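Visitor: I have a structure in front of me and would like to learn how to read it. Where do we begin?

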Amino acid sequence: MTTWEAIEQRISCRAYDEAALSAEEQETIQKLIQSICAESGLHVLFCDDTVPGQKVKMSNMFSGPIHNFAALYAKDDPLEAEKLGYYGQKLMMELTKMGLGTCWVASTYDAASISLPAPEGELLWDIMPFGHPAKKMPVKQRTVRAGLRQRDRKLSEFVESDLPFDELPDWIRKGAEAILLGPSAVNEQAINLVWKDNTLTAYIYKEDRKVVYNDLGIAKYMFVLGAAECGVTGNWDWGNGGAFHLV
């Protein structure tokens, strides 16, 4: 699966098959998480429901067993939350390319059901269940997904510029499309891009949830993937209002 195919096919999967991941799949994911932790300095734990304290109880929005999930830790700090969103989304897209179902979960699980040693001074911000998607999406998940997608913004609304959207550089438009297709808390998509004086920045235009800094990091990572489809690579400055630098 190509990166853009993964972007288009990814959904917030809340229905999982009974079959557990193979030993090879688990090893691949563990190595991926180790690589992301080494790159980011974050603490992300691979969890297995056969290990005591690593079985999570989900809300009734989910169906099927959650055999495995990632526990994502960070300090109670906006920059840490943003970084967690960025690198967590990197993990999500790699899982999607493997053909697995996954989603961000910030609150619709029973935190008391998990007994994990938190890194000192850090919080469990999110979990990310993953596994083989159910062969048929349950009615409840279809209903939830349809309701959330109704909140989608228009693609042109993601970029503030003196130029009409159609006249923006291709890589900016493709990056904005990737953000639109990416996840965000309750699908609010509260991140905007600003293209002015040949400088691109990203900022939170609707700051009403703590996890919006996760969303900022997610949006920045999705933009990187979209721009790369046009042959453009670059890096973001961290922080609300951070700029994108071509490399």
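**Strands, rings and charges**

Guide: Start with a strand pairing: in β6, Phe 130 is the bridge partner of Asn 68. Before going on, note that this is a predicted model, where local features need pLDDT of at least 70, side-chain atom pairs count only at pLDDT 80 or more, and totals for chains, interfaces and linings use all residues. Residues are numbered from 1 along each chain as its sequence is written, and side-chain values use heavy atoms, with hydrogens and water left out.

Visitor: Which strands pair with β6?

Guide: First the terms. Helices (H or I, at least four residues) and strands (E, at least two) are DSSP runs, numbered from the N terminus. Two strands pair if DSSP finds at least two bridges between them. Here, β3 (residues 68–74) runs antiparallel to β6, with 7 bridges. Strand β4 (residues 101–102) also pairs with β6 in the antiparallel sense, over 2 bridges. Within that strand, Gly 101 has Gly 131 of β6 as its bridge partner.

Visitor: Is β6 mostly covered or mostly exposed?

Guide: Buried means under 20% relative accessible area, exposed over 50%, partly exposed in between (1.4 Å probe, protein chains only). Strand β6 spans residues 123–131, and 7 of its 9 residues are buried. The strand is mostly covered.

Visitor: How many aromatic pairs are there in the whole structure?

Guide: Rings of Phe, Tyr and Trp (its six-membered ring) pair if their centres lie within 6.5 Å; planes under 30 degrees apart count as stacked, over 60 as edge-to-face and the rest as tilted. The search finds 11 pairs. One of them is Tyr 86 with Tyr 221, edge-to-face, at 5.1 Å centre to centre and 85 degrees between the planes. This pair links distant parts of the chain, 135 residues apart: Tyr 86 is in helix α3 (residues 78–97) and Tyr 221 in helix α6 (residues 212–228). Both Tyr 86 and Tyr 221 are buried.

Visitor: Why is the pair of Phe 223 and Trp 236 edge-to-face?

Guide: Because the planes stand at 70 degrees, with the ring centres 5.5 Å apart. Phe 223 belongs to helix α6 and Trp 236 to strand β10 (residues 234–236), 13 residues apart. Phe 223 counts as buried because its relative accessibility is 0%. Trp 236 counts as buried too, at 10%. Phe 223 and Trp 236 join Trp 171, Trp 195 and Phe 244 in one aromatic cluster.

Visitor: Which ring does the charged end of Arg 153 sit over?

Guide: A charge sits over a ring if NZ of Lys or CZ of Arg is within 6 Å of the ring centre and within 35 degrees of the ring normal. For Arg 153, the ring is that of Phe 158, with the charged end 4.5 Å from its centre. Likewise, Lys 174 lies over the face of Trp 4, at 4.0 Å from the ring centre.
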